Amino acid sequence: MNCRFIYTLLGLGVTLCLITYSGHYMTLLFLLLMLEAGVTTDVFFSHDWEKDFPVEPTESFNKFEDFVRSNFEFCKWIGLSVVFIQVWGLCVVSAVLLKAVGPYQNYESDDDIDPESMPLLKNDVQPTYVVGRPVSGSKSIA
């Protein structure tokens, strides 16, 4: 019995668990996204894209190739949509991670902190001081 598929998935799962445990999963996601974008770009801009892939003995790739050629516009937009959604998801994950490691980690809600005390950009403007006689209370004419 040929168990290459099961062993491949098991090895991939163990590898992903180790990468996640070590904390370098964002690097892996970025590299996989760049690899996918490179393959997608090669398929869209190269007319001989099927020569880049190895020969498959089961002829399933030929069925896939015929499907892609007959529905090329549809497949092109689906591929671009998938890449766009993945980039958007990577941006959301990056934003969540940046928020988690940002300077204000110890509060539970955005409602707990006054927006005036937490500027978006660090602005080191010195406060302005007024020189003159201090005024206290109101003057009443009696």
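In the predicted model, Glu 65 is buried, its relative accessible area being 14%, which places this residue under the 20% limit for that class. Despite this burial, the side chain of Glu 65 takes part in a salt bridge with Arg 69, with an N to O distance of 3.2 Å. The partner, Arg 69, is partly exposed at 46% relative accessibility. Both residues belong to helix H3, which spans residues 60–70, and because they are 4 residues apart, about one helical turn separates them. Side chains of opposite charge can pair when their charged atoms come close.

The structure contains 2 salt bridges. Besides the pair in H3, a salt bridge links Glu 73 and Lys 76, whose closest N and O atoms are 3.5 Å apart. These two residues lie 3 residues apart in helix H4 (residues 72–100), again about one turn of the helix. Glu 73 is partly exposed, with a relative accessibility of 46%. Lys 76 is likewise partly exposed, at a relative accessible area of 22%.

Helix H4 also contributes to the largest pocket, which encloses about 320 Å³ of space. The pocket is lined by 15 residues, of which Val 43, Phe 44, Phe 64, Val 68 and Cys 75 are the closest to its centre. Two or more lining residues are supplied by each of helix H2 (25–45), H3 and H4. The largest share, 5 residues, comes from H4.

At the surface, a nonpolar patch of about 970 Å² is formed by Phe 5, Ile 6, Tyr 7, Leu 9, Leu 10, Leu 12, Val 14, Leu 16 and Leu 18. One of these residues, Leu 18, is located in helix H1 (residues 4–22). Leu 18 has a relative accessible area of 55% and is therefore classed as exposed, the threshold for that class being over 50%.

According to the unreviewed UniProt entry, the annotation "transmembrane region" applies to residues 7–35 and 77–98. In the model, residues 7–35 are 93% helix and 0% strand, with 23 Å between the end C-alpha atoms. Residues 77–98 are 100% helix and 0% strand, and their end C-alpha atoms lie 31 Å apart.

Definitions and conventions. Residues are numbered from 1 along each chain as its sequence is written. This is a predicted model: local features need pLDDT of at least 70, side-chain atom pairs count only at pLDDT 80 or more; totals for chains, interfaces and linings use all residues. Side-chain values use heavy atoms; hydrogens and water are left out. UniProt positions are given in the numbering used here, feature names are shortened, and annotations may be inferred rather than shown by experiment. A salt bridge is a side-chain nitrogen of Lys or Arg within 4 Å of a carboxyl oxygen of Asp or Glu. Buried means under 20% relative accessible area, exposed over 50%, partly exposed in between (1.4 Å probe, protein chains only). Patches are made of residues with over 30% relative accessible area and no salt bridge: like charges are joined within 9 Å, nonpolar side chains (Val, Leu, Ile, Met, Phe, Trp, Tyr) within 5 Å. Accessible areas come from the Shrake-Rupley method with a 1.4 Å probe; for residues, only the protein chains shown count as cover. On a 1 Å grid over the protein atoms alone, a cavity is a set of points where a 1.4 Å probe fits but cannot get out, and a pocket is an open set with protein on both sides within 12 Å along at least five of seven lines; lining residues have an atom within 4 Å of a point. Grid points are joined across faces, edges and corners, and a volume is the space filled by probe spheres set on the points.
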